[in-house]
Amino acid sequence: MTKAGTLAWPALVLIAAAFFVPVAMIIARSFTDPEPGLQNYTWLMTNATAQGVVLRTVWTALLATVITAVLAYPYAYLMATSSPLIRGLLLIVVLLPFWTSMMVRAFAWIIILQRNGLLNTALDAVGLPPVAILGTNAAVLIGMCQVLMPFMVLPLFSVMLGIDMKLPLAARIMGAPGWKAFLGVYLPLSLPGVFAGALIVFILSLGFYVTPALLGSPREQLVPNALYSQVLELLAWGRGGALAVALLVLVGAVFLLLYLVARAFGVRIGRIGGAAL
Amino acid sequence: MTSRGTGAALRLTEICKRFGSVAAATDISLDVAPGEFVSLLGPSGSGKTTTLNMIAGFEEPTSGRIAINDRDVTGIPIHRRNIGMVFQGYALFPHLTVGKNVEYPLRQHGYGRDARREAVARALETVSLSGLRDRMPAQLSGGQRQRVALARAIAYDPPLLLMDEPLSALDKALREGLQFEIRRIHRELGTTVVYVTHDQDEALALSDRIVVFNDGRVQQVGAPSELYSRPANDFVSRFLGESIHLRGAVRESGRGLEFVLEDSRADVSAGGEISWPVKEARLGAAQTMIRPENVTLAPLDGTSAGEGAPGTTGIRAVVRDVVYTGHSVKYVVECPSGGGVVRMSSSGAPNVSPGQEVGLSWDIGRARVLGERSVRTEADGAQVAGAVQSGENEERR
């Protein structure tokens, strides 16, 4: 083994000890707790509440991915095409949430969204009826998107930065109106960034715990929160394990799906060299 | 192959472009005839690329008009100008094959499927790349990419073709080969070409006419031979080709105007002033410019220099450097009133070494007198102060 290879050992050991071993234990428990058998998966497959939790989690993650992509794309484009000064400012703005704890941000949203919060005060001031967002899945989604923005913006930005801005101009002078130059040239070249960002955001949003706990409602639980109550409140390690495995399988499935979609958009993406997968 | 299309006439009328307080281009006026090959030549920051970008529509002029075939295109969006363009760095679409790249403009211009296939095949054939249709741009060499860019630009027979330093990224041998091809393609297609370059040899080799830019202004417009033998000012004479420059003055004599060389004691024969009659010049400080092939350099062995054939004159100079370049030998010379470059054919080149004193003689009929420091441009007659100073404003895109 090379010297560099030797240096990688600590990281390998850490990953094995802190990730693979616990995951293996959880998977094992899902088949053995409280007694050996498939009862935990039977529960997952037959219990409407449990299924609702899983489906809601996937749906929320999908929405979060689409919303952040739609919001982040123009933002990243602006960053990639601005002067260094503006670019730096935009970067700081997008990174600011990184420097604040997730808890603080969730509380900030509570202040804004609660019944007598900033949003309703503002609505009242312009004569509109108040809205009850706090305690719904919508509030969870809003909080999640804010946290996830940088994970979409940054991969998009780095791919867009590598796109030669002469290419859309070349398309224009060859007779393409602005929107065609964008759809035919710029968008395809930025797709690796979209795929990379979507993958990160989707996987991260499946695992959100603090945000749903503070902004959502127990009636609209997501997998991480359900998992927490199964394990730590009901001490049902096996069911918790089954939920965790369901999450893992879902991530794997999405990974595969995105990989196939990216492949369908072509080997092209790989050939550009900025492949996301 | 015969000419496929007809070139467009291009007319720029008093175009100005300012970026904030910086003038990138000032009073650019130019008439390009259909089918003509015109180069915009100048150092970086001289305004040539800004001018090209305004023709393409990437920049709007601050004032002035651009007309293609008498149709005012100022304010017309880029995609409706019907222009072909070869970009610096090629700008091939990396996600499309060679064939799809060339097909792109045809799609945009509404060609049908069969017409597209035919035009792609023809364009690739024109640049001798028929076999590479299904390759990706990343799999091509620099020269091949350049050819694809050319094929893409000519595929839909645009009446006006813009080329922005298309060969600057290639090595010398490849560059000369492609120059030849660009000339051939221009002849075959009859397209009007506006070609931006900072390479004087390229401009001289390719163009019907050259527009010399400096400091955002047109310095001179003319055929290559005209610019070379009769540069309008100091900048043009120094930017295009090699020369020696000697300071002096224009004064009136009994027979009319004459040019007097400064420090005439540098005269080889020490026989007093060196002067010769000139036709048109402004009185006062001036300089004379002589091309290397019109100067004879000889070692000082007592007799030869300065006393050559009738109509020649000569001075003493010191050789600073001798460079052997194959077909000729280049001498860098210096004398009290100036200096520059002299070339002698290597077969007849005298064997002198740096530091040695030599005699220079030239045919006074081929010495060009230029106003010193301030000159008149052909374009507008305005004074261009310090034409020698290099452009400080960076070229913007």
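## Two chains, two styles

Let's start inside chain B, where strand 3 (residues 37–41) runs parallel to strand 9, and the two are joined over 4 bridges. One pair to look for here is B:Val38, whose bridge partner in strand 9 of chain B is B:Arg209. Keep in mind as you look around that this is a predicted model.

Those two strands belong to something wider. In chain B, 6 strands form an open sheet, and their order is 6-7-8-3-9-10. Find strand 3 in that order and you'll see strand 9 written right after it. The pairing in this sheet is mixed. If that word is new to you, here is the background: strands of a sheet pair through backbone hydrogen bonds, and they can do so either parallel or antiparallel. Which strands sit at the edges of this sheet? They are strand 6 and strand 10 of chain B, and each of them pairs on one side only. Going from one strand to the next, the twist averages 20°.

Chain B has another open sheet to show you, made of 4 strands in the order 2-1-4-5. Here the pairing is antiparallel. The edge strands are strand 2 (22–32) and strand 5 (71–72) of chain B, each pairing on one side only. Strand 1 (residues 10–19) and strand 4 (residues 63–68) of chain B pair in the antiparallel sense, over 5 bridges. To spot this on screen, look for B:Cys16, which stands opposite B:Ser63 in strand 4 of chain B. And what packs on this sheet? That would be helix 1 (residues 48–56) of chain B, which touches strand 1, strand 2 and strand 4 of chain B. The direction of helix 1 makes about 115° with that of strand 1 of chain B.

Now zoom out a little. Chain B is divided into domain 1 (10–229) and domain 2 (234–376). Their C-alpha centres lie 39 Å apart. Where the two meet, 7 residues of domain 1 of chain B are in contact with 5 residues of domain 2 of chain B. On the domain 1 side, strand 9 (209–214), strand 10 (217–222) and helix 7 (224–229) of chain B each supply at least two residues. That same side of domain 1 divides into 3 nonpolar, 4 polar and no charged residues.

Time to meet chain A. How many helices and strands does chain A have? The count comes to 14 helices and 0 strands. Its C-alpha atoms fill a box of roughly 70 × 70 × 35 Å, taken along the principal axes.

Helix 10 (residues 178–206) of chain A is a good place to stop, and we can look at how it packs with helix 8 (residues 137–161) and with helix 9 (residues 166–173) of chain A. Two packed helices are described by the angle between their axes and the distance between the axes. Here are both pairs:

| Helix pair in chain A | Angle | Axis distance |
|---|---|---|
| Helix 8 and helix 10 | about 155° | 8 Å |
| Helix 9 and helix 10 | about 130° | 9 Å |

An angle over 145 degrees counts as roughly antiparallel, so helix 8 and helix 10 of chain A are roughly antiparallel to each other. The angle in the other row makes helix 9 of chain A oblique to helix 10 of chain A. The crossing of helix 8 and helix 10 of chain A is right-handed, and so is the crossing of helix 9 and helix 10 of chain A.

Who does the touching? Between helix 8 and helix 10 of chain A, the contact residues include A:Leu148 and A:Phe151 of helix 8 and A:Ile200 and A:Val201 of helix 10. By class, this contact has 14 nonpolar, 5 polar and no charged residues. For helix 9 and helix 10 of chain A, the residues in contact include A:Leu167 and A:Arg172 of helix 9 and A:Phe182 and A:Tyr186 of helix 10. The classes there are 7 nonpolar, 2 polar and 1 charged.

Finally, let's put the chains together. 18 residues of chain B are in contact with 18 residues of chain A. Strand 6 (83–86) and helix 2 (98–108) of chain B are the elements that give two or more residues to the side of chain B that touches chain A. Which element gives the most to that side? Helix 2 of chain B does, with 3 residues. As for the residue classes on this side of chain B, there are 13 nonpolar, 5 polar and no charged residues.

Methods. Residues numbered from 1 in each chain as written. Chains lettered and ligands numbered in written order. Predicted model: local features only at pLDDT ≥ 70, side-chain atom pairs only at ≥ 80, totals over all residues. Pairing = 2+ DSSP bridges. Axes fitted to C-alpha atoms, helices over the stretch in contact; angles between N-to-C directions. Nonpolar A, V, L, I, M, F, W, Y, C, P; charged D, E, K, R; others polar. Domains from an automatic or database assignment. Parallel < 35°, antiparallel > 145°, perpendicular 65-115°, else oblique. Left-handed = near helix turned anticlockwise from the far one by under 90°.
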